[in-house]
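Student: I have a model open and want to work through its strands, its helix and its empty spaces. Can we take them one at a time?

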Amino acid sequence: MPDEIDAVDLPVEGTLPPELDGRYVRNGPNPLPGADPGHWFRGHGMLHGVRLARGRALWYRNRWVRTGALAGRRYLTWRGVDLSAVPANTHVIEHGGKLLALVEQGLPHEVDRDLGTVGPCDFGGRLRTAMTAHPKADPVTGELHFYGYSPVPPFLTYHRLSAAGELVVSRRVSVRRPTLMHDAAVTARHTVWLDLPLRFSLRHIRAGFPFVWDESYGARLGVMRHDDPAARVRWFEIEPGYVFHVGNAHEDADGRIVVDGSRYDAADMAAQWAPPRRRRRGRPGAPEAARAAAGAAGADPAGRAAGTGAARMHRWVLDPATGRVSEGPLDDRPVEFPTLDPERVGRAARHRYGVTSSPAANAIVKMDLATGTTVAHELGPDVKAGEAVFVPAGRADRSEDDGWLLTITTRADGSASRLLVLDATDVTRTVAAVTLPRGVPSGFHGSWIPEPREAEAQQRGAGARVVEEPGRDPGRGPRPRQQPEDQPAEGEQLDQRALPPAPEQREQGDDDEDAVQDVRGEPLPGHVPHLRVADGRPPLSAPGHGGGVCCAPRRRRRPGDLDEGVDPCP
């Protein structure tokens, strides 16, 4: 998309369930106009949001995530790594009252409920590694389990946030070598690590993607008690393959750990990610040159692999009592981006939802793991669906699949996209479809963000005008916000916006010797320096910076701010 827009009072086919009161927000790569990121998957993160309330689609808006990368800063410099100079283009979640845009090689970026960027978040200065784009929220404790991986020691670091959003545990996890760990799994008591043979290779860093498929590395799953900071990891060898996206994991009645996910077999991975063969004359042949060009383009591994349609749902059963592993396919249909009821993460769950794509047809699928059956909502060859996000119904006695699936569809001809609302009990049935103001490009992951009733009531009491329904009584509607001068008036559909300023420039400080701390306060091996502002101002965790977040004051956006290097945090 070339710009940011707002649209209000979106047309709806069917009937939106009144229980859907909140925002559907999806993240994905979107380069700046005229910029060539080398590959679409390296584009800056853009959030697309649709506000639903009282059976209506109140608004759609899209916003770039204002990161250091958007400001033109380099991720890797002679001073080290700038963890805020990342595209933040993979996922968006809510935890501890904060909305976080995620990408796995850097810090999360906080955004507000109107999708405006607040700034990079290091949880009060405690997060000194990157944060995965696939954290796991425990539905019982409210804690958030996540990790960061790195090509330099420590290769893997486990973190845990409290339900309130405080970083309470950080500990190193010992692995043999650095690998691309795009996802992990959790149960009620364990974290399951995926140590798979897509390993880091310094020799291939010039190709733009420094990971290669190395079957000799082996493949294994690691089980670690996450309620014991000193717990050892128990490793289980498995058949070589790769998993970009986990479905779920749980502990069964016999104490075994059951894991499922979309698995690519070794042959598929070798065809895409095997290192190029060396040539005597130092000039790559045609296959090697093509692979190097693709690597230089910086293709995102998950998106690139998902495009092959080669992943199948697979299950592993790990028995700690015997050390044995059993594994096998769950379905023979290509499926990616598996999801489930978020209230059953880490617990036994019967249903998975996913996306399948082929030249002949695209579909949203529902897999019943108890019966082995799969039902599809067919979309045809010219319409592709994004990840299907499950929204549970509000009834206390609901069944597991009592709820809805939300997904944005993208048409091949670029015409207007739609937000589909499917009946999760019968995915063949469309409950409602919201027509968006224009075509939305394919993206990665998203979340349903319910409206917080208490905060909403407090803000309504402030007397601010609700911009989501101009001129109407807010009732039990969206969070009020002061009306800016350039807000669309009643009946005006689109508001073209100039690109707002990027966050303040940060670089790594030479004098910062802090290391990552575990729960016992002992320094972990490996130095991950804290980022400092280039002009010597305090680090992100200093007073006045929101406990780890640069909170830029709101002002009207002016064209040219980004190019002129305007600092929004004076």
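Tutor: Start with a definition: two strands pair if DSSP finds at least two bridges between them. Keep in mind that this is a predicted model.

Student: Which residue of S4 stands opposite Tyr-24?

Tutor: Strand S3 covers residues 22-29 and strand S4 covers residues 45-53. Eight bridges join the two, and they run antiparallel. Opposite Tyr-24, in S4, stands Val-50.

Student: Which strands stand at the edges of the open sheet of five strands?

Tutor: The order is S1-S5-S4-S3-S35, with antiparallel pairing. An edge strand has a single partner strand, so one side of it is left without a neighbour in the sheet. That applies to strand S1 (6-10) and strand S35 (446-450).

Student: By how many degrees are neighbouring strands of this sheet turned against each other on average?

Tutor: Take the same order, S1-S5-S4-S3-S35. With direction ignored, the average turn between neighbours is 15 degrees.

Student: What is the average twist in the open sheet of four strands?

Tutor: This sheet has the order S8-S9-S10-S11, again with antiparallel pairing. Strand S8 (91-95) and strand S11 (117-120) each have a single partner strand, so they stand at the edges with one side left without a neighbour. From one strand to the next, the twist averages 30 degrees.

Student: In S11, which residue is the bridge partner of His-109?

Tutor: His-109 belongs to strand S10, residues 109-111. Three bridges join S10 to S11, and the strands run antiparallel. In S11, the partner of His-109 is Pro-120.

Student: Is strand S13 enclosed or open?

Tutor: Look at both faces. On one side sit Leu-144, Phe-146 and Gly-148, and on the other His-145, Tyr-147 and Tyr-149; all are buried. Six of the six residues are buried, so S13 is largely enclosed by the rest of the structure.

Student: Which residue in the turn between S12 and S13 has a positive phi?

Tutor: Two bridges join S12 to S13, which run antiparallel. One of them pairs Ala-137 with Leu-144. The strands form a hairpin with six residues between them, and the residue with a positive phi, about 80 degrees, is Gly-142.

Student: And in S14, what is the bridge partner of His-145?

Tutor: S13 continues into S14 (residues 156-161) through a hairpin of six residues. Six bridges join these antiparallel strands. The partner of His-145 is Arg-160.

Student: Which strand gives the largest share of the lining of the largest cavity?

Tutor: The structure holds four cavities of 30 Å³ or more. The largest has a volume of about 60 Å³, and its lining includes His-145, Phe-146, Tyr-147 and Trp-193. The lining divides into eight nonpolar residues, three polar and one charged. The largest share, three residues, comes from S13.

Student: How many residues of the lining of the second largest pocket are charged?

Tutor: This pocket has a volume of about 1200 Å³. Of its 47 lining residues, the closest to the centre are Ala-137, Leu-340, Pro-342, Val-345 and Ser-447. The lining has 25 nonpolar and 13 polar residues, and the charged ones number nine.

Student: Within what arc do the buried residues of H1 fall?

Tutor: In helix H1 (residues 266-273), the buried residues are Ala-266, Met-269, Gln-272 and Trp-273. Ala-267 and Ala-271, on the other side, are exposed. The buried residues line one face of the helix, because seen down its axis they fall within an arc of 135 degrees.

How values were computed. Residues numbered from 1 in each chain as written. Predicted model: local features only at pLDDT ≥ 70, side-chain atom pairs only at ≥ 80, totals over all residues. Heavy atoms only, no water. 1 Å grid on protein atoms, 1.4 Å probe; cavity = no way out; pocket = protein on both sides within 12 Å on 5 of 7 lines; lining within 4 Å. Points joined across faces, edges and corners; volume = space filled by probe spheres on them. Nonpolar A, V, L, I, M, F, W, Y, C, P; charged D, E, K, R; others polar. Axes fitted to C-alpha atoms, helices over the stretch in contact; angles between N-to-C directions. Buried < 20%, exposed > 50% of the residue type's maximum accessible area, 1.4 Å probe, protein only. Arc of directions from axis to C-beta.
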